[in-house]
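Reader: I have a sequence and a structure to study, and I would like to go through parts of them by question and answer. Please keep the terms plain.

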Amino acid sequence: MSTAAQQQRSPLLETRGLVKHFPVENSDDVVRAVDGVSFGIDEGETLGLVGESGCGKSTVGRCLLRLIEPTGGEIVFEGRNILPLSHSEMRSLRREMQMIFQDPYASLNPRLSIRSIISEPLKIHGIGNKREQNERVADLLKRVGLDPKYADRYPHEFSGGQRQRIGIARALALNPKLIVCDEPVSALDVSVQAQVVNLLEDLQDELGLTYLFISHGLAVVEHISDRVAVMYLGKIMEICDAAELYSKPLHPYTKALLSAIPVPDPRHKRARIVLQGDVPTPIDPPSGCRFRTRCPWAIAACAETVPELRELAPGHFAACIRAEELTAVS
């Protein structure tokens, strides 16, 4: 996407200091799943959100739609903070914000036909009569590459890739502006992953959709995203244009993640950065930089200073006190 096109886009959604803490049973402790996350998504763009399992990225996605209630911060959609909204106000707003879930086997009700699954949002919001709803279901099935005659079948009659297409059709039913894609291809075969990612890109072009694409698959994120945010232990470590992130990462954690991407040429070996130890517990995260306990370049000051997400190059933000120094020697 061109720079001019990016400049013409207007902000659609912002998170400002988003926090989600889960209480620990029979304890005063909390799990700091999301701990001060801020980013914006422009209208018509795809922001990839990546990180290891358990870093809080799916929790961010669910907080955006208030499927789980944030502990603090702000979620601003089209200039309006949605956290104070009532249940009925949120129901109305969800026409603009939808979600594609990770598991296409668990996200579809096995007792409902495909027609019922896709038309359910239309019924809830009182859109159209039965004939118009059936026409909408047929149109959506065509749009996602399925035959409309499948509408009266049940989820168990479809493959994983077909089920995910049905999930995408359901997400599109209300003509949303924003879709949170929560690892939508991680449960699919590699060849099917490519088909679903290409479908999402085509739908974005046709309908002007905005995506938050959550994934731990770095290669998939590179293909579909305009910008990428890297998350670790409840915080954003780095965020910038996708091409720049993959060619000039500034944060040590990002560098380690990218070094683990397989290279298709067996004669070429990538220099791996092997991280030592396990991800610390979000109940008692490390002081200072949360990545310091596994960072090969950590120094004493990393334990004392909580790094801010700083703009180190135009549009390129990283949360590392040594970022400039490490970039100069790399």
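Reader: Across which strands does helix α2 lie, and at about what angle to β1 does α2 run?

Author: The model is predicted: local features need pLDDT of at least 70, side-chain atom pairs count only at pLDDT 80 or more, and totals for chains, interfaces and linings use all residues. Residues are numbered from 1 along each chain as its sequence is written, and side-chain values use heavy atoms, with hydrogens and water left out. Helices (H or I, at least four residues) and strands (E, at least two) are DSSP runs, numbered from the N terminus; axes are lines fitted to C-alpha atoms, for helices over the stretch in contact, with angles from 0 to 180 degrees between N-to-C directions. Helix α2 (residues 57-64) lies across β1 (11-23), β2 and β4, and its angle to β1 is about 115 degrees.

Reader: Which strands are at the edges of the open sheet that contains β1?

Author: Two strands pair if DSSP finds at least two bridges between them. The sheet has 4 strands in the order β2-β1-β4-β5, with antiparallel pairing. Each edge strand pairs on one side only, and these strands are β2 (30-42) and β5 (80-81).

Reader: Which residue in β5 is the bridge partner of V76?

Author: Strand β4 (residues 72-77) pairs with β5 in the antiparallel sense over 2 bridges. In β5, the partner of V76 is N81.

Reader: Is strand β3 largely enclosed or largely open?

Author: Buried means under 20% relative accessible area, exposed over 50%, and partly exposed in between (1.4 Å probe, protein chains only). On one face of β3, T46, G48 and V50 are buried, and on the other L47 and L49 are buried. Because 5 of the 5 residues of β3 (residues 46-50) are buried, the strand is largely enclosed.

Reader: Which residue in β9 stands opposite V50?

Author: β3 pairs in the parallel sense with strand β8 (residues 210-215) over 5 bridges, and G48 stands opposite F213 there. β3 also pairs in the parallel sense with strand β9 (residues 227-232), over 4 bridges. In β9, the residue opposite V50 is V230.

Reader: Which residue in the turn between β9 and β10 has a positive phi?

Author: β9 runs antiparallel to strand β10 (residues 235-241), joined by 6 bridges, and V230 stands opposite E238. The two strands form a hairpin with 2 residues between them, and the turn residue with a positive phi, of about 50 degrees, is L233.

Reader: Are helices α4 and α6 roughly parallel or roughly antiparallel?

Author: The axes of α4 (residues 114-124) and α6 (residues 160-172) come within 7 Å and cross at roughly 30 degrees. Angles under 35 degrees count as roughly parallel, over 145 as roughly antiparallel, 65 to 115 as roughly perpendicular and the rest as oblique. The two helices are therefore roughly parallel.

Reader: Which residues in α6 meet α4?

Author: Contact means heavy atoms within 4.5 Å. From α4, the residues involved are I114, I117, I118 and P121, and they meet I166, A169 and R170.

Reader: How many residues of helix α10 are buried?

Author: The buried residues include P252, Y253 and K255. The helix (residues 252-259) is largely enclosed by the rest of the structure, because the buried count is 8 of the 8.
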